[in-house]
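Biologist: Pick one part of this model and take me through it closely, please. I'd like the cut-offs as you go.

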Amino acid sequence: MWKTVIRRILIMIPQLFILSLLIFILAKQMPGDPFTGLITPETDPNRIEELRIKAGFYDPWYVQYYNWITNAAQGDFGQSYTHEKPVASIIGDRAEKTFALALFSVILVYLIAIPLGVIAGRYHDTFVDKTIVLYSFISFAIPAFVLYLIFVFVFGYRLMWFPTSGTVDVSLDPGTWEYYWNKFYHLLLPGISYAILGTTGIIQYLRTEIIDAKTMDYVKTARSKGIPMKKVYSRHIFRNSLLPIAAFLGFTITGLLGGSIFIESVFAYPGMGKLFIDSILSRDYSVITALVMLYGFLALLGSLLSDIILSIVDPRIRID
Amino acid sequence: MGFVSTKELLTIRNLRTSFRIKDTFYPAVDDVSLTLRKNEILAIVGESGCGKSTLATSIVGLHNSIHTKVEGEILYNNQNLANLTEVQFNKLRGNDIGFIFQDPLSALNPLMRIGEQIAEGLIYHTKLNKKQREARVLELLEQVGISNASRVANQFPHQLSGGMRQRVMIAIALSGKPAIIVADEPTTALDVTIQAQILDLLKSLQDEIQSGIILITHDLGVVAEIADRVAVMYAGEIIEEAPVIELFRNPKHPYTRSLLNSIPQTHSENEKLEIIQGMVPSLMKLPREGCRFSSRVPWLDESVHEKNPKLHEVGPGHLVRCTCWQHFYFEDKEGSVNG
Ligand SMILES: Nc1ncnc2c1ncn2[C@@H]1O[C@H](COP(=O)(O)OP(=O)(O)OP(=O)(O)O)[C@@H](O)[C@H]1O
Ligand code: SF4
Ligand SMILES: [Mg+2]
């Protein structure tokens, strides 16, 4: 199995290289440069020019790329010009919040989707199944932001059950039990909203997988052994259908990080996604490129995670 | 009819198994009667789609009960298997009756270790504890001719060859020390050399455990090699039944004769392969009146014909569903029909 994992990680190197090159080229194509933001009526144009030269702005592109990528590899993504802080420290703080939200959402998605998918597959073509399928189609069809806005409005502003912004109340002392509870409380509404819409893929996949598994020859073999139907389901059908679901985890996390851009903006949750939107609006290029790179890296990591999980659960993929 | 004779292990009487297609049930096995005796290999032959597998799965109740209707009697141990509930069947399946499937790759769970798959039935049919079950698994693997049993028990199906997988399937079927083994084309998915090995294994196991085997195949070579008796099916019916030597020496039904003619003969390489004209009609279009084979008999003479041919005994244990076979003149194929 380690061979598979190492090979998969090696594949990531050229992928990351191409990704970084693309991001670099795109960043270069964007109008203006980091220093444009510093220009005020009083600025001396020569001073800006000096800064540009100092920052290597007129070096050949490959030198610039080399400097950027080597610094990035060491965690140095340069300075944010709006926050006047190193990019890495801004993102680090936000990433933690986003990961907390993503983790909570993933757990909720799986808690909702797995039982529903299993029930729909098990009682295929019955009323329960049809209800679940209807839910999964509706949740697929609703535009995410519409539901998010409705939830913020109804549960946040109207009923006031949940906070509508931030990650924690400022009045609380960090480290106390109440502080952590309050953090969790801030996760609830965005997490639940995401989970309600994010279950479609897993429900549909699991349902189809179970319906297919029922007609498989190995299920007939299991029945021919005279084991009770309940055990045929649990030991063969569910088991074989659930294992590939584990591999969805990587992709679900990737999807979530992408989804965080939306959800954090609507719920005013100051994570990476919100930082991304804010940085675009303020043209904070060094933050934007760093975030795009990070999202790309996480997407690759997600698919790596999926492949590794799959190679663990499915012996046919294992390389001994 | 009174009691089932002690020699008869399984008695099938007027079995009709029908599948629902758009709210109508169409029989795929129609009025089949057969007996299986202890220590006997009964072969069931016929073309694809004639109902062989349907007959086999009826015996072990593996059909989907919503879409399938099983009528008639399948008598085993004073029980009619045609009327059993799932729970009652589970006491017999994997215990009194073992089943071997055609394709051992798809018939084994790809994500479960071989040992676990063999031991599974033992959990429900025996009182063995985990240790004892593991020992029994190794014993079974050795019984089906797998020498490195403890290694194989830890492997997954995809790590084994086709022949090994079929041996594992046989081990599963044997695990309950069954009185009856139903094997549905156990060699069709295998290489020719492996086929012979598997047949030898079945034959030697049968000598050892004395169970009755129902062997389904469309390979008459297999039949000639190991069967004791043969039933030929056509379009859901049995059209001829005889001891194996009798059937090969003295086939009566025109369908049986053409089946025998379609065995490629190794000694006549330059002769063209004999092919039976036409195809088995599909389930919905099956003729339900008269002789089902008549549409494939181009030389049919209506005047000598029985309207609904019944099985007639033409020799000891030799039954034919055709009354007018005496009237036929076959181009002299007798030379190539041998047993
Ligand atoms: N579940 C089912 N629903 C409807 N029709 C079926 C079903 N199973 C089998 N049939 C039909 O019943 C007939 C007999 O099928 P069966 O599988 O018993 O044939 P077979 O003799 O085993 O053929 P083969 O040699 O291809 O395995 C065929 O016409 C087939 O299409
Ligand atoms: S009963 Fe008639 S049609 Fe049928 S096989 Fe015999 S001769 Fe042919
Ligand atoms: Mg078949």
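Modeller: Here's a walk along one helix, followed by a greasy spot on the surface. This is a predicted model, where local features need pLDDT of at least 70 and side-chain atom pairs count only at pLDDT 80 or more, while totals for chains, interfaces and linings use all residues. Residues are numbered from 1 along each chain as written, chains are lettered from A and ligands numbered from 1 in written order, and side-chain values use heavy atoms, without hydrogens or water.

Start with H8 of chain A, residues 200-214. Helices here are DSSP runs (H or I, at least four residues), numbered from the N terminus. Its 15 residues should span 21 Å, and the end C-alpha atoms are indeed 21 Å apart; the expected span is 1.5 Å times one less than the number of residues.

Thr200(A), Ile202(A), Ile203(A), Gln204(A), Leu206(A), Arg207(A), Ile210(A), Ile211(A) and Ala213(A) in H8(A) are buried, meaning under 20% relative accessible area (exposed is over 50%, partly exposed in between; 1.4 Å probe, protein chains only). Their cover includes H4 (87-122), H5 (127-141), H7 (177-198), H9 (217-224) and H10 (229-266) of chain A, with contact taken as heavy atoms within 4.5 Å.

Now the surface. Phe145(A) lies in helix H6 of chain A and, at 40% relative accessibility, counts as partly exposed. H6 spans residues 144-158 and gives the most to a nonpolar patch, with four residues.

Note on methods. Helix = DSSP H or I, 4+ residues; strand = E, 2+ residues; numbered from the N terminus.
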